[in-house]
Amino acid sequence: MPRLSLIATCLLGLLLWAAPAHAREVYIPPWGSGESRGEDLSIWLVTFSPGDDVPSWWGHGSLVVEDKRLQVSRLYNYGMFTFNDTMLVHFAMGRLEFWVGHSPVGATFHYYQSEDRDVRIQELNLTPEQRLVIAKRLADNVLPENREYLYHHYNDNCVTRLRDMIDVATGGQLKEMDKAPGRMTLREHTRRYTSVNAPMSVLLDFMMNDEIDHPITKWEEAFLPDELEAQVAALQVKGADGQAHSLAAKTWNYYESPTRKRPPAEPPAWGPWILALGVALGGAAVGLAAWERRGSRLARVLLGLENMVLGLLLGIPGTALLVMWLVTDHTVTYRNENLFLANPLTLLALPFGVALFWNSKKARARLSKIWLVLAALGVLGVVLKVLPPFDQDNWRLIALILPINLGMAGAFGLERVLARLRGTQAASAGRGGAVASLKAP
């Protein structure tokens, strides 16, 4: 089962907010103890808009159960986790354990309002029996023996759990409607939601393999709170009278931010800008190498600095990607084609760049070999695209990193070629002088 990358959650719970351990105390609501009647219950789907920090970029969703007769209500949240050392270790190995909790409705709404995040509510148009089904399931899920589950960002998260529960209550009508093709792939959805931060968006794009590039259904798109909200608004379900009714009986906003924008409808078209950046960095290496050959010490220092920065920014993610493939359960990183572009070899540019900064000839020779291998691997990764297994949508990463690898290889390779030519010319001049001396009387 795929997982998001370790880097991707500074990344400790994309979609979610952490709750203290004491919030897990056992509480049996009236719909859990059998006191509630279906006709007195109201079920709400609540959608919270994205926030400012990485874990909240995706938004959040919850279900509310209200017993109007007994004047009791609770909000159920499948996005709870306990932040501690054990949780960090499990996440690093690809096992992110989450649990479902419940909280007072008003206090939770106020929390999201304080973060200037929309709180949008849809009361579900369900029969009394269906309301009891959802309410009882929620009450059962929150019990200590049932509340924990293995979180998966795309397949099993705080929103897909709500989707599944609504589908069960409606007799499978939501899933039936959602067999239609989705609007875009999981990668495209990820890119549009992470577009608020370009470096992090590119990093997440780098870390994930082709598991998120295949066509999906609307059902799979409902891993996002906004998508589930839209599907509930569009679904017509059969009521007790046999007639079709909108699943959203009533819709209102508890709070609507006056400034916060909705996520973009399409992923950003950053391709040309990314290519321009890659060409600029690769070209800069060639330019610095040419400048250095004219005797500039500053050019050598800058070339060393560029190697250090690229070794850091590309080498660390490339090394992490290989490690996650080999020793963790983060299957979304396995067999990632971006390893052709950046890998542990790239990380070696960091120490050798430091040595080049101090004019080490050995470091220069080693950097020449490293970048030549990386350039060859990058070209190989592009050539292999003609084969069906190599179908990862990583053209943006190719546009960024391949020009860098080629530029660096060209910078150091050209220097070696010129050095050999100078050596050949010197040797030829020496031989010519020797012949002339032999001919002299």
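This passage looks at two helix pairs in a predicted model, H11 with H12 and H4 with H5. Residues are numbered from 1 along each chain as its sequence is written. Local features need pLDDT of at least 70, side-chain atom pairs count only at pLDDT 80 or more, totals for chains, interfaces and linings use all residues, and side-chain values use heavy atoms, with hydrogens and water left out.

Helix H11 covers residues 271-293 (helices are DSSP runs of H or I, at least four residues, numbered from the N terminus). Its 23 residues should span 33 Å at 1.5 Å a residue, and the end C-alpha atoms are indeed 33 Å apart, so the two agree; the expected span is 1.5 Å times one less than the number of residues. Buried residues (under 20% relative accessible area, 1.4 Å probe, protein chains only) in H11 include Ile274, Gly278, Gly282 and Ala285. Just past the helix, glycine 295 adopts a positive phi of about 100°.

H11 packs on H12 (residues 297-327) at about 150°, with axes 8 Å apart; axes are lines fitted to C-alpha atoms over the stretch in contact, and angles run from 0 to 180 degrees between N-to-C directions. The pair is therefore roughly antiparallel (over 145 degrees). Among the residues in contact (heavy atoms within 4.5 Å) are Leu288 and Trp291 of H11 and Leu302 and Leu303 of H12.

As for the other pair, the axes of H4 (residues 128-141) and H5 (residues 160-169) come within 9 Å and cross at roughly 145°. Ile134 and Leu138 are among the H4 residues that meet H5, where the partners include Met165 and Ile166.

Methods. Buried < 20%, exposed > 50% of the residue type's maximum accessible area, 1.4 Å probe, protein only. Parallel < 35°, antiparallel > 145°, perpendicular 65-115°, else oblique.
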